[in-house]
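Q: Please take a close look at one part of this predicted model, the second largest pocket, together with the helix packing that involves elements of its lining.

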Amino acid sequence: MAESGYKRETENGRGGRYQGATAAKRQASLQDMGILNPAMAASLHTLAADSNVASERRSSKHASPSFGDASLPGRTRTGFDPRINSDALIYEKGPSANNVLKHIMIRLSAQFSELLFLSAEAQARFNQNRDNGDLDIAIHGLLKALYLPVPSHLFRAGAMGVLGECLAASYKESGRPRDIKESIRYCKGGLLLSSPDDQGQVALFTNLGCALNIAFEEGGNIEDLTEAIQSHRKALAIRSPDDNIIEKSQILMNLSGGLKELYEQTGVIRHLEEAIVNLRGVSPLVSAGHSRRPHFLINLAISLIASHEQNGSDRDLEEAISLLREALLLDQERASILLNLARCLHDRFHKKGKVEDLEEAVKKLSEAVDLHPAGHPSSINPLIVLGGCLNILHEQLGRIKDLEEGIRCLSLALKLSSPGSLNKALCLHNLGTCLRARYEHSNHFEDQDMAIQCLREALRLIPKSSSHHRTALQNLSHCLLSQHKRQGTSDALDEATRSLQETLHLYPPNHTHRPIHSISGGDDKTPQGGH
């Protein structure tokens with residue numbers, strides 16, 4: 001890195017020693033940023049003041065000792081180069097060995113404080129501008145500070161926690177697995193150095209929990225997820241009511257997010273219920289205008305949607321719709337909100353049969369698609385859901401334009417989907433269903449043949465445990481029976497029979513969507529709602 005970004009400025013101009021008045025301001029800033037707790041900031045302030053007095057006593061005889069090269073060591077593939085300029089340890093001759101040691105510790109502590117401040121400034125710039133160069137400056141500064149032999153473990157513990165946070169941010173930017181592993185290691189190291197009564201542990205446990213969440217997303221190890229949840233629980237348990245560094249709402253949302261993910265991994269409903277309880281505890285902490293309110297509204301709505309899918313509660317569904325409508329007014333994460341709101345409206349249509357809900361869902365999904373860059377993979381999910389909703393709207397109103405638009409959306413989503421992905425499976429399922437419907441209108445054999453091909457491929461990708469597998473089997477059996485009547489081929493009839501028999505085994509007795517007619521009895525009444 002040719003330019004380090006570190007500019008030493010004191011009240012006496014560029015360069016020079018670390019002045020006491022500047023140190024006081026910087027340590028106050030560190031405390032405000034959450035880098036230091038009040039006790040640590042007070043200790044560093046005293047050390048810096050002592051350093052200033054000692055420097056003034058020496059100034060008549062000797063030049064100020066150099067801090068050495070301000071540039072920070074570059075990050076390499078094998079780790080970090082902890083070079084520290086030995087000039088920082090050269091002091092005047094004459095004082096006793098104890099005084100020399102004291103002066104060294106004072107100067108090192110002041111240098112440690114300055115590096116923390118510069119790193120905090122760089123981290124703040126990164127959070128505002130997302131410039132990776134600032135993030136590298138913050139990481140290098142913290143690493144250099146940690147290599148200084150500062151006597152207090154408290155100082156090192158706080159710096160390690162912030163370094164862990166910066167490394168987690170670096171992983172999000174670069175995708176390097178090494179960064180998230182180091183993040184976890186530094187957070188755990190900070191906890192080992194801190195004492196149980198140190199409020200700095202709140203930030204350490206919070207940063208550790210967030211890093212472990214990322215590790216779970218990276219590797220899928222559920223032990224990382226459970227350890228993350230434990231870390232968030234500990235942060236919540238030891239946080240004092242007057243802590244203004246880590247807000248309670250942040251910890252509760254981190255904890256609820258981990259519990260929601262654990263529910264999705266295990267299917268244990270109590271994890272989802274606890275997530276919802278914690279999110280409801282966030283509500284009074286993030287009133288209108290709070291920066292965290294949009295995320296709270298979205299997270300609670302998504303958890304309530306999962307609860308509705310589990311227990312069919314109308315109240316959960318209605319509350320989720322209300323929360324998403326409020327979130328939509330705040331104009332953050334709009335595409336995600338529109339997609340989830342449309343899904344809720346689609347579910348309410350199936351419950352109450354109001355076409356207005358389905359029409360509103362189509363409008364919300366069309367807006368969500370328009371928010372994504374044309375041809376970008378991020379538009380796949382809204383395109384899939386939109387295609388399914390347009391097919392159902394065609395079934396309700398009989399408008400062929402809805403069906404044509406649905407086929408166009410699903411064809412585009414299919415081109416953007418990765419081979420073998422669940423998204424591709426759902427695209428193929430919905431597209432096959434739409435082509436089957438268009439064949440019944442147009443009687444174009446190409447549509448029927450393409451529908452059969454799509455449904456066959458979808459069945460190879462959709463897990464048998466999924467409800468989509470059952471509906472795809474039913475739609476395939478219907479298409480094959482129609483093909484048999486058109487062509488008179490026994491192969492199509494045999495495959496249709498096998499598909500229907502497999503469907504009967506997958507549905508429980510008396511299920512509302514279980515086929516009610518045999519193939520030999522005429523048209524097989526099967527649902528077409530692959531969405």
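A: What follows describes the pocket and then two helix pairs. In this predicted model, the second largest pocket has a volume of about 1,000 Å³ and is lined by 30 residues, of which Ile305, Glu309, Arg343, Asp347 and His468 lie nearest its centre. The elements that contribute two or more residues to this lining are helix H9 (248–266), H11, helix H13 (334–352), helix H15 (380–397), helix H17 (422–442) and helix H19 (467–487). By class, the lining comprises 14 polar, 10 nonpolar and 6 charged residues.

Two of these lining elements, H9 and H11, can be followed into their packing with other helices. The axes of helix H8 (residues 222–238) and H9 come within 9 Å and cross at roughly 155°, and because this angle is over 145 degrees, H8 is roughly antiparallel to H9. Their crossing is left-handed. On the H8 side the contact includes Ile222, Leu225, Ile229 and Arg233, which belong to the set that meets H9 residues, among them Ile251, Leu255, Leu259 and Leu262; the residues of this contact divide into 10 nonpolar, 6 polar and 3 charged.

Helix H11 (residues 293–311) packs with helix H10 (residues 269–282) at an angle of about 150°, their axes 10 Å apart, which means that H10 is roughly antiparallel to H11. The crossing of H10 and H11 is left-handed. Residues of H10 including Ile269, Leu272, Ile276 and Arg280 are part of the contact with H11, where Phe296, Leu300, Leu304 and Gln310 are among the partners; this contact holds 9 nonpolar, 4 polar and 1 charged residue.

Conventions
Residues are numbered from 1 along each chain as its sequence is written. This is a predicted model: local features need pLDDT of at least 70, side-chain atom pairs count only at pLDDT 80 or more; totals for chains, interfaces and linings use all residues. Side-chain values use heavy atoms; hydrogens and water are left out. Axes are lines fitted to C-alpha atoms, for helices over the stretch in contact, and angles run from 0 to 180 degrees between N-to-C directions. Helices (H or I, at least four residues) and strands (E, at least two) are DSSP runs, numbered from the N terminus. Angles under 35 degrees count as roughly parallel, over 145 as roughly antiparallel, 65 to 115 as roughly perpendicular and the rest as oblique. A crossing is left-handed if the near helix is turned anticlockwise from the far one by less than a right angle, and right-handed if clockwise. Contact means heavy atoms within 4.5 Å. Ala, Val, Leu, Ile, Met, Phe, Trp, Tyr, Cys and Pro count as nonpolar, Asp, Glu, Lys and Arg as charged, and the others, Gly among them, as polar. On a 1 Å grid over the protein atoms alone, a cavity is a set of points where a 1.4 Å probe fits but cannot get out, and a pocket is an open set with protein on both sides within 12 Å along at least five of seven lines; lining residues have an atom within 4 Å of a point. Grid points are joined across faces, edges and corners, and a volume is the space filled by probe spheres set on the points.
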